[in-house]
Amino acid sequence: MGWTAPGEWTKYTVSVAKAGTYKLGIMYTSNQNGKISISVNDEDATGPIVIPTTFVEADTVAWRQWHHWNYIDQIAQLDLKEGLQTITIHTVDIGQMNYDYINFKWIK
């Protein structure tokens, strides 16, 4: 997903093999400090999460600002039930972000 703006969202259906608490990691770029939130089955699960900028002032080629990728190992923890769940990422503030993928890792 790319060039996000406040108010936009994307929804994924995931098949949870094992109920429990999962940490979410995200690979992204962010031209400014943006904020997202995450919902599980249409209920807010995180509140606003700051996504730090990947802007590199020394890089003077504007389009390359969208190619400074960063991975955050844990942006949130979600309690998920076994079976099909819907996960929604909401762009809350600023936007200007690109998401490559979200990683789910069972922790307990």
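**Exercise 1.** In this predicted model, classify D59 as buried or exposed, and find its salt-bridge partner.

*Solution.*
- Step 1: take the relative accessible area of D59, which is 11%.
- Step 2: apply the cut-off; buried means under 20%.
- Step 3: D59 is therefore buried.
- Step 4: look for the partner. D59 forms a salt bridge with R64, with the closest N and O atoms 2.9 Å apart.
- Step 5: classify R64. At 35% relative accessibility, R64 is partly exposed.

**Exercise 2.** Which residue forms a salt bridge with K23, and which strands hold the pair?

*Solution.*
- Step 1: the partner is D73, and the closest N and O atoms are 2.7 Å apart.
- Step 2: place both residues. K23 lies in strand β2 (residues 20-30), D73 in strand β6 (residues 70-80), so the pair ties together parts 50 residues apart in sequence.
- Step 3: check exposure. K23 counts as buried at 14% relative accessibility. D73 counts as partly exposed at 42%.

**Exercise 3.** Find the salt-bridge partner of D42 and explain why the pair ties together separate parts of the sequence.

*Solution.*
- Step 1: the side chain of D42 meets that of K11 in a salt bridge, at 2.7 Å from N to O.
- Step 2: D42 sits in the loop between β3 (34-40) and β4 (43-44), and K11 in strand β1 (residues 9-16); the pair therefore ties together parts 31 residues apart in sequence.
- Step 3: D42 has 55% relative accessibility and counts as exposed. K11, at 37%, is partly exposed.

**Exercise 4.** How many salt bridges does the structure hold?

*Solution.* The structure holds 3 salt bridges.

Key. Residues are numbered from 1 along each chain as its sequence is written. This is a predicted model: local features need pLDDT of at least 70, side-chain atom pairs count only at pLDDT 80 or more; totals for chains, interfaces and linings use all residues. Side-chain values use heavy atoms; hydrogens and water are left out. A salt bridge is a side-chain nitrogen of Lys or Arg within 4 Å of a carboxyl oxygen of Asp or Glu. Helices (H or I, at least four residues) and strands (E, at least two) are DSSP runs, numbered from the N terminus. Buried means under 20% relative accessible area, exposed over 50%, partly exposed in between (1.4 Å probe, protein chains only).
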